[in-house]
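This report was prepared in reply to a request for a description of how the chains below are arranged and how their strands and helices are joined.

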Protein chains: 2
Amino acid sequence: MRLVIARCSVDYAGRLSAHLPLATRLLIAKADGSVLVHSDGGSYKPLNWMSPPCRLTESEGQWVVTGKSGETLTVHIEEIIAEHSYDLGVDPGLIKDGVESHLQELLAAQVNVLGEGWRLVRREFPTPIGPVDLMCRDGAGVSVAVEIKRRGEIDGVEQLTRYLDLLNRDPLLAPVHGIFAAQEIKPQARVLAEDRGIRCVTLDYDAMRGTDTGDLRLF
Amino acid sequence: MRLVIARCSVDYAGRLSAHLPLATRLLIAKADGSVLVHSDGGSYKPLNWMSPPCRLTESEGQWVVTGKSGETLTVHIEEIIAEHSYDLGVDPGLIKDGVESHLQELLAAQVNVLGEGWRLVRREFPTPIGPVDLMCRDGAGVSVAVEIKRRGEIDGVEQLTRYLDLLNRDPLLAPVHGIFAAQEIKPQARVLAEDRGIRCVTLDYDAMRGTDTGDLRLF
DNA sequence: TTGTTGATTTCGCAA
DNA sequence: TTGCGAAGTCAACAA
C-alpha cells in the first residue's frame with residue numbers, strides 16, 4: 001500500500017463526470033491497483049476513487065487509473081508533500097453479528113411473540129417471485145406471511161404486498177394475512193401497510209436475543 | 001490527519017457487533033474525530049470505521065472511538081509500525097455531472113422523441129404522494145406520467161404505479177398513461193411494467209446530450 | 001456470470 | 001430536525 005500526501009486536482013470520467021479542484025489530499029494506492037482520494041473530513045467515503053479491477057499508470061506529475069469498463073480517474077499531482085509505502089499482507093476479514101438474518105432466526109424461534117398459539121410453518125417459504133421470510137399460522141390456523149426488515153420502509157411493504165397478492169390466489173392457503181416486522185418502521189411505510197390491512201410489529205433485537213426461546217413454543 | 005500503520009485488532013459495538021482479528025492495517029484519524037481502518041484491498045469501504053460526530057480517546061495501546069449514540073470502535077494496537085501526521089486543510093469539494101436530474105432535464109427538453117406531437121405539461125408535477133418526474137400529453141392529448149430513473153428496477157415501477165392509481169382518480173386528468181424511462185431497465189422491472197400497461201423506454205445519456213433536436217435513440 | 005438484496009449504507013435535498 | 005430518494009452505491013449470496 002502506497003500513501004501519498006499531495007497537492008493535486010482530480011478528474012473522473014465514467015458513468016458520470018466529476019472534478020476536484022487543486023487542494024492537498026491523501027492518495028492511497030492499494031495492492032490490487034485501486035486508488036482512493038481522501039480529504040480530512042467527510043465519512044469513510046473517499047472524495048473520489050477507482051474500484052478494482054483497474055490499473056494505475058504513472059507518469060510525470062500524473063496518475064491515470066483505468067477501470068475494467070473504460071472509466072478513468074486522472075490525478076494531476078502538483079506537489080508531493082510526503083510518500084510512504086508499506087506491505088500489509090492479506091487481511092483475515094471481518095466477523096459480523098446482529099444483521100437481518102439474525103432477526104429472522106430470532107423471530108422464527110419466538111413466533112409466539114406475534115400472538116397466542118401461533119406456530120411457524122417454515123422460514124424462507126418459497127413463492128414464484130421470491131421467498132417469504134416467515135410463513136406462520138395464527139391461533140385460529142389462518143396463514144400469515146411475515147416480512148422482516150431491519151429498517152421498515154415502503155419498499156418492504158410493496159414486497160410483502162406482492163407476496164400476499166400471489167399467495168391469496170392459492171385456495172389451499174387463502175386467506176393469507178400479512179405482518180411487517182422491523183426494528184424501526186418509517187411512518188409512511190406504517191401508513192401504507194395499515195391501509196392495506198398489514199399489521200406492523202416493531203422488533204426489539206436485544207430483548208429477543210435475551211429471551212429464553214423455549215418457554216412458549218407449541219409443537 | 002493522522003496515518004498509522006499498526007498491527008491491531010478491532011471491535012465495533014453499535015447497531016451490530018463486528019470483530020477484526022490481529023493483522024497489519026492502516027488507521028486513519030481525521031480532523032473531525034472519525035477513524036477509518038483500511039486493509040490493502042477491497043473497495044473504498046474501510047474494514048471498519050466510526051463516522052462523525054465522534055470522539056477519539058487514546059490510551060496505552062488502545063484507541064476508543066465513541067459515537068454520538070453510544071457506538072464504540074475499539075482498536076487494540078499491538079505494534080505501531082509507522083506514524084505520520086499532516087495538515088490538509090478544508091477540501092473545496094466535488095463537482096458532479098451526469099446524474100438523474102440531468103436525465104430529467106434532457107428528456108424534458110426532448111419529449112417529442114417519446115412520440116409524434118407530444119408536449120411537456122410540466123416537470124416535477126405535484127401529487128399528494130410526491131412529484132411525478134414529467135407530465136406530458138401525447139399526440140392525441142392524453143395525459144402521460146413519465147418516471148425517470150438512471151437504473152430501472154421494480155421499485156421505480158411501483159412508484160409510477162402509485163402515481164398512476166392516484167392520478168387516474170382525477171376526472172380532469174384521467175385516463176393517464178405511464179412511461180418508465182431509464183438508462184438501463186432490469187428484466188423483472190420491464191415485465192412488471194408491461195404487465196401493468198406501462199411503456200418502457202431506454203435512454204441513451206450520451207446521445208441525448210449530443211442531440212439538439214431530439215433524435216434520441218430508443219432500444 | 002448474472003441478478004437480487006442488505007447495509008454500521010452515505011449523501012443531499014426539501015418540508 | 002426529519003424524512004425520503006439517489007448512489008460511480010458496495011458486497012454477499014443465490015440461480
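The paragraphs below treat the relation of the chains, their strands and crossovers, one helix, one loop residue and the cysteines.

**Relation of the chains**

The structure is a predicted model. A turn of 180° with a shift of 0.1 Å along the axis lays chain A on chain B with an RMSD of 0.2 Å. The two copies are therefore related as by a two-fold rotation axis. Of the interface residues of chain A, 98% are also interface residues in chain B, so the copies meet through the same surface.

One residue that reaches the other chain is B:Asp91, which lies in the loop between strand S7 (72–85) and strand S8 (95–97) of chain B. Leaving aside residues up to four places away in sequence, B:Asp91 touches A:Leu20, A:Ala23, A:Arg25, A:Ser39 and A:Leu47. B:Asp91 has a relative accessibility of 17% and counts as buried, because the cut-off for that class is under 20%.

**Strands and crossovers**

In chain A, strand S12 (residues 176–185) has seven buried residues out of 10, so S12(A) is largely enclosed by the rest of the structure. In chain B, strand S12 (residues 176–185) is mostly covered, again with seven of its 10 residues buried. The pairings of these strands are listed here.

| Strand pair | Sense | Bridges |
|---|---|---|
| S11(A) (residues 143–152) and S12(A) | parallel | nine bridges |
| S12(A) and S13(A) (residues 199–202) | parallel | four bridges |
| S11(B) (residues 143–152) and S12(B) | parallel | nine bridges |
| S12(B) and S13(B) (residues 199–202) | parallel | four bridges |

Individual residues show the register of these pairings. A:Val146 stands opposite A:Ile179 in S12(A). The chain passes from S11(A) to S12(A) through helix H2 (residues 154–167) of chain A, in a right-handed β-α-β crossover. Further along, A:Ala181 has A:Val201 as its bridge partner in S13(A). Helix H3 (residues 187–195) of chain A carries the chain from S12(A) to S13(A), and this β-α-β crossover is right-handed.

In chain B, B:Phe180 of S12(B) stands opposite B:Glu147. The connection from S11(B) to S12(B) runs through helix H2 (residues 154–167) of chain B as a right-handed β-α-β crossover. B:Phe180 also has a bridge partner in S13(B), namely B:Cys200. The chain then crosses from S12(B) to S13(B) through helix H3 (residues 187–195) of chain B, and this β-α-β crossover is right-handed.

**Helix H3 of chain B**

Which residues of H3(B) are buried? They are B:Ala189, B:Leu192 and B:Ala193. These residues cover an arc of only 100° around the axis, which puts them on the same side of H3(B). Elements that cover them include S11, H2, S12 and S13 of chain B. On the other side of H3(B), the exposed residues are B:Pro187, B:Val191 and B:Asp195. Just after the helix, B:Gly197 adopts a positive phi of about 75°.

**Cysteines**

How many disulfides does a search of the whole structure find? The search finds zero disulfides over all chains. A:Cys54 is in no disulfide, and the nearest cysteine sulfur, that of A:Cys8, is 17 Å away. B:Cys200 is likewise in no disulfide, with the nearest cysteine sulfur, that of B:Cys136, 16 Å away. A:Cys54 counts as buried at 15% relative accessibility, and B:Cys200 is buried with a relative accessible area of 13%.

Note on methods: Residues are numbered from 1 along each chain as its sequence is written. Chains are lettered from A and ligands numbered from 1 in the order in which they are written. This is a predicted model: local features need pLDDT of at least 70, side-chain atom pairs count only at pLDDT 80 or more; totals for chains, interfaces and linings use all residues. Side-chain values use heavy atoms; hydrogens and water are left out. A disulfide is a pair of cysteine sulfur atoms within 2.5 Å. Buried means under 20% relative accessible area, exposed over 50%, partly exposed in between (1.4 Å probe, protein chains only). Copies are superposed by least squares on the C-alpha atoms of residues with pLDDT of at least 70 in both. Contact means heavy atoms within 4.5 Å. Helices (H or I, at least four residues) and strands (E, at least two) are DSSP runs, numbered from the N terminus. Two strands pair if DSSP finds at least two bridges between them. A crossover is right-handed if, with the strands pointing away from the viewer, the path from the first strand over the helix to the second runs clockwise. The arc is that of the directions from the helix axis to the C-beta atoms.
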